[in-house]
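Here is a short note to read beside the model. Keep the sequence and the 3D view open, and take the points in order.

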Amino acid sequence: MASERNVLGPVLFLLGVCAPLAAHRLGYASPVTGAALAVYAMAAAMAAGVLDRRTNRHAKRRTRGTVLIAAGLEPAALRRLLAGGGADTVAVYRTDRVTAELLDLRDRHGVVLVVGAEHDPRAKERLSASGLSRQVPDIAEREVILAGPRHFQRYVRGALSRLAVPGTQVHTARNR
């Protein structure tokens, strides 16, 4: 649908521009000119809508940084994901237990550790919409990278949608 609008808007715009010129050249009366002006107005509205969507799409991509939300990764995989992010990356990691390596990641990279089993209500609350908004207040303005099991990603995606994080800003990390 969007690609049709991207093509249809400029086509109607050209028809709208050419029709009054052709009507004037051929000497046709006002019904043709009126129809041409209506087509021209419609095309201008559609073209403005297309340009507005393109502008908004670019505005959404200008984000403040990245949030990495992960669970079930080995510390080495988490370290690789953190190395790929910039200095403005915030990481939230859910784990069943804290290890020395995770404490090192917390100290070096500021990883927020959410300690608790998969179904622990306290851990789930920290990964809910209200918990994530407390930990990362500007989360809707950041790119979000999810890593972990599918059910974990589904739960976090639900929280992100409640926080009005655009789907275009949510990505899945490829774990190796």
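1. Start with the terms. Helices (H or I, at least four residues) and strands (E, at least two) are DSSP runs, numbered from the N terminus. With those names in hand, Ala164 can be placed: this residue is found in the loop between α7 and β5. Keep in mind throughout that this is a predicted model.

2. Now the overall layout. The protein has seven helices and five strands. Read from the N terminus on, the order of elements is α-α-β-α-β-α-β-α-α-β-α-β. Trace that order once in the 3D view before going on.

3. Next, burial and surface. The protein has 176 residues, and 33% of them count as buried. Its accessible surface comes to about 10800 Å². Carbon and sulfur atoms hold 58% of that surface.

4. Then the contacts. Take those in the protein with a separation of 6 or more. Residues 24 or more positions apart account for 58% of them.

5. Look at strand β4, residues 143-147. Is β4 largely enclosed or not, and why? Four of its five residues are buried, so β4 is largely enclosed by the rest of the structure. The cut-off here is simple: buried means under 20% relative accessible area.

6. Which strands pair with β4? One is strand β1 (residues 66-71), which runs parallel to β4 and is joined to it by five bridges. Another is strand β5 (residues 170-172), which pairs with β4 over three bridges, also in the parallel sense.

7. Find Leu146 in β4. Ile69 stands opposite Leu146. Leu146 also stands opposite Thr172, a residue of β5. From β4, the chain crosses through helix α7 (residues 150-162) to β5. This β-α-β crossover is right-handed.

8. A general point helps when you look at any strand. In a regular strand the side chains alternate between the two faces of the sheet.

9. Check the rings. How many aromatic pairs does the structure hold? The count is zero. A charge over a ring does appear, though: Lys124 lies over the face of Tyr155, at 4.9 Å from the ring centre.

10. Finally, return to Ala164, in the loop between α7 and β5. Phi of Ala164 is near 60°. That is a positive value in a residue other than glycine. Is Ala164 buried or exposed? Its relative accessible area is 57%, so Ala164 is exposed. The cut-off for exposed is over 50%.

Notes: Residues are numbered from 1 along each chain as its sequence is written. This is a predicted model: local features need pLDDT of at least 70, side-chain atom pairs count only at pLDDT 80 or more; totals for chains, interfaces and linings use all residues. Side-chain values use heavy atoms; hydrogens and water are left out. Buried means under 20% relative accessible area, exposed over 50%, partly exposed in between (1.4 Å probe, protein chains only). Contact means heavy atoms within 4.5 Å. Accessible areas come from the Shrake-Rupley method with a 1.4 Å probe; for residues, only the protein chains shown count as cover. Two strands pair if DSSP finds at least two bridges between them. A crossover is right-handed if, with the strands pointing away from the viewer, the path from the first strand over the helix to the second runs clockwise. Rings of Phe, Tyr and Trp (its six-membered ring) pair if their centres lie within 6.5 Å; planes under 30 degrees apart count as stacked, over 60 as edge-to-face and the rest as tilted. A charge sits over a ring if NZ of Lys or CZ of Arg is within 6 Å of the ring centre and within 35 degrees of the ring normal.
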